[in-house]
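Trainee: Please take a close look with me at the cavity side of this structure. After that, please set what we find beside the salt bridges, the surface and the backbone.

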Amino acid sequence: MITRSLLCLAASILWAPSAFSASFDLTLAASHRITTRAGGRSLTLLLDLDRNARLPAYDTSTYLAAQPMETYYSLFAEAGIDAALASWITVRLVLNSGEVREQRTSLDGTTRLVHVVTVNGRLVLDELPKNAFVRTALIDLHAPETTWWQLELGHKLWRLGNSFIFDEWALGVQLSLDFELLNGKPWRLDLSYIVPTRDFADKPWTSPLATVRLEYKLSLFESVWLSFSWFRDGAGEITETVRQAAVERVLNADFRPLREQATLACYLNTDFRSAGNLFYATIAGNKTLGPGSLRATLVFEAGRVLIQGAPVFRTDCTRTDLVAFTTIGAAFDVSYRWSATDRLAITPFIVAESGQQFSAGQRMYSAYIGVLPFITRTSLFFAGGLAETFGARRVTSAGVNGRGVVAPGVEAIYEPVDQLRLRAVVSPLFSWARGIEAPVGGGGQFYGVEIDSVVIYEPVSVLGFAAEADVLFGGSFYRTGEPVWKVIFSVDLSKTWTL
């Protein structure tokens, strides 16, 4: 069957209907937002040059401490064009400013903060040469009329493992074969190869992410699929995850201040590199049951990581030639969307990622590690809500410093009229492993209870208004219980023209 399918693919590439008129869709969009937030916990350590000490020292008092309130304006602007040049080729180009805002930040790694304008958290002159604000630059080749095969080459948003593995704009290629469109067989095969970064410059070519995905369609709206992914860390992508775990070891220990500061300086400034291989197996599906739909995703992760020249297992910060450890983790998301009425949907869910404290001499690490994951179940602990647009992604272990997360919850979506959409989420959040001990943390396994609410009103097709209010009441995981909260007001403009 595969051989015959490949022959059909080759034949369809050479054939295309002669009567075709090119078309172009132009889209312009902009969002203006006012955000007020407070209480977020910081994992950044900055040098305090004003201390009365013989040497500069890191300010450890801010680690996992509640951040002060801030209010800021941010802008998102986007322009995109889809060009259907023939019955078998489409070209897409999307430019996006990302989140443009003013913020107080450190430019030299010290506690001296300055006001600067940033784009996606970076200075404009740092962001521009990296990606030129290009989000999508894609060539889409497909079978004329049936589109049973599709070949995508270029830069676009890729999602793997239902966002547990990867969810980011990146350069890649994907071949999709939908045999149902070819001969009625309920199978679909996807093959993809991605370079996992949104930047065009300084790409980690030695860190590819390859995936094979096979889907079986149970019905029009039901399916089950299995995928296998391989990530090769050849450019030190896991380095910062290991470095952060090492820093926590210092802060979590019964330390003496001078020794603590010397070790922190070593861990934060040592130039070491990671390498290794991570493998992922994902099984997922959706099935209609009664008045709703059951959805489930389960991801297993395993691999081997090598750390070259890193002082991660020694309290005296002695450099090691080579440290190797095995990783094994799991993540899952199960939900049931119940259509109570035509306009009200209630979705109970549970999402979890395994976690573990990274300890000295460790040779097995059971915290789930995603390549560039992006989970949006809640708006504060995760990355949902209005702020998820172009949110930052990075190679990371689950939860806070790999402690993992278990989050049951309920989401309700109500649309009283077509122009109005209301969304609410309530979720208690627990860590998989115990938290950081006092005085840095609270030592418990309860992150807190998060309550999110979003209102979206679109009086006309080109104009929309949105408001969001979220709060996370802190639990025993943190040393203090100040709530994390955020309020957003947004005005969104968008228009599409067909040329």
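**The lining of the largest cavity, and what lies beyond it**

Mentor: Sorted by class, the residues that line the largest cavity comprise seven nonpolar, one polar and no charged residues. Please keep in mind throughout that this is a predicted model. The structure holds one cavity of 30 Å³ or more, and the volume of the largest cavity is about 30 Å³. Its lining is made by Ile 238, Thr 241, Val 242, Ala 245, Phe 325, Phe 358, Tyr 365 and Ile 369. Helix H4, which spans residues 239-252, gives the most to this lining, with three residues.

No charged residue takes part in that lining, and we may now ask where charged side chains pair with one another. How many salt bridges does a search of the whole structure find? The search finds 22. Three of these pairs deserve a closer look.

Let us begin with Lys 217 and Asp 178, a salt bridge whose closest N and O atoms are 2.8 Å apart. Lys 217 lies in strand E13 and Asp 178 in strand E11 (residues 166-178), so the pair ties together parts that are 39 residues apart in sequence. Are these two residues buried or exposed? Both Lys 217 and Asp 178 are buried. The pair also belongs to a network of salt bridges, in which Asp 178, Glu 180, Arg 188, Asp 190, Arg 213, Glu 215 and Lys 217 are linked.

The second pair is formed by Arg 122 and Asp 199, with the closest N and O atoms 2.9 Å apart. Arg 122 is placed in strand E8 (residues 122-123) and Asp 199 in the loop between strand E12 (187-195) and strand E13 (209-219), so this salt bridge ties together parts that are 77 residues apart in sequence. The two partners fall into separate classes of accessibility. Asp 199 counts as buried because its relative accessibility is 11%, under the 20% limit for that class. Arg 122, at 27%, counts as partly exposed.

The third pair joins Glu 482 and Arg 41, whose closest N and O atoms are 3.9 Å apart. This salt bridge links distant parts of the chain, 441 residues apart. Glu 482 sits in the loop between strand E25 (463-474) and strand E26 (484-498), while Arg 41 sits in the loop between strand E1 (23-38) and strand E2 (47-48). Here Glu 482 is partly exposed, with a relative accessible area of 37%, whereas Arg 41 counts as buried at 17%.

We turn next to the surface. A nonpolar surface patch of about 810 Å² is made by Trp 187, Leu 191, Val 212, Leu 214, Tyr 216, Leu 218, Val 224, Leu 226, Phe 228 and Ile 283. Which strand supplies the largest share of the nonpolar patch? The answer is E13, with four residues. Strand E13 is also where Lys 217 of the buried salt bridge is found. E12, E13 and strand E14 (222-233) each supply at least two residues of the patch. Another member, Ile 283, is found in strand E15 (residues 273-289). At 43% relative accessibility, Ile 283 counts as partly exposed.

Finally, a few residues merit attention for their backbone. Phe 133 is not a glycine, yet it has a positive phi of about 65 degrees. It lies in the loop between helix H2 (124-131) and strand E9 (134-142). With a relative accessibility of 21%, Phe 133 counts as partly exposed. Asn 162, also a residue other than glycine, has a positive phi near 50 degrees. Asn 162 is found in the loop between strand E10 (149-160) and E11, and its relative accessibility of 42% makes it partly exposed.

One further contact joins positions separated along the chain. Val 410 and Thr 347 are 63 residues apart in sequence, but their C-alpha atoms are 5.6 Å apart in space. Val 410 belongs to strand E22 (residues 405-417) and is partly exposed, with a relative accessible area of 39%.

Terms used:
Residues are numbered from 1 along each chain as its sequence is written. This is a predicted model: local features need pLDDT of at least 70, side-chain atom pairs count only at pLDDT 80 or more; totals for chains, interfaces and linings use all residues. Side-chain values use heavy atoms; hydrogens and water are left out. A salt bridge is a side-chain nitrogen of Lys or Arg within 4 Å of a carboxyl oxygen of Asp or Glu. Buried means under 20% relative accessible area, exposed over 50%, partly exposed in between (1.4 Å probe, protein chains only). On a 1 Å grid over the protein atoms alone, a cavity is a set of points where a 1.4 Å probe fits but cannot get out, and a pocket is an open set with protein on both sides within 12 Å along at least five of seven lines; lining residues have an atom within 4 Å of a point. Grid points are joined across faces, edges and corners, and a volume is the space filled by probe spheres set on the points. Ala, Val, Leu, Ile, Met, Phe, Trp, Tyr, Cys and Pro count as nonpolar, Asp, Glu, Lys and Arg as charged, and the others, Gly among them, as polar. Patches are made of residues with over 30% relative accessible area and no salt bridge: like charges are joined within 9 Å, nonpolar side chains (Val, Leu, Ile, Met, Phe, Trp, Tyr) within 5 Å. Accessible areas come from the Shrake-Rupley method with a 1.4 Å probe; for residues, only the protein chains shown count as cover.
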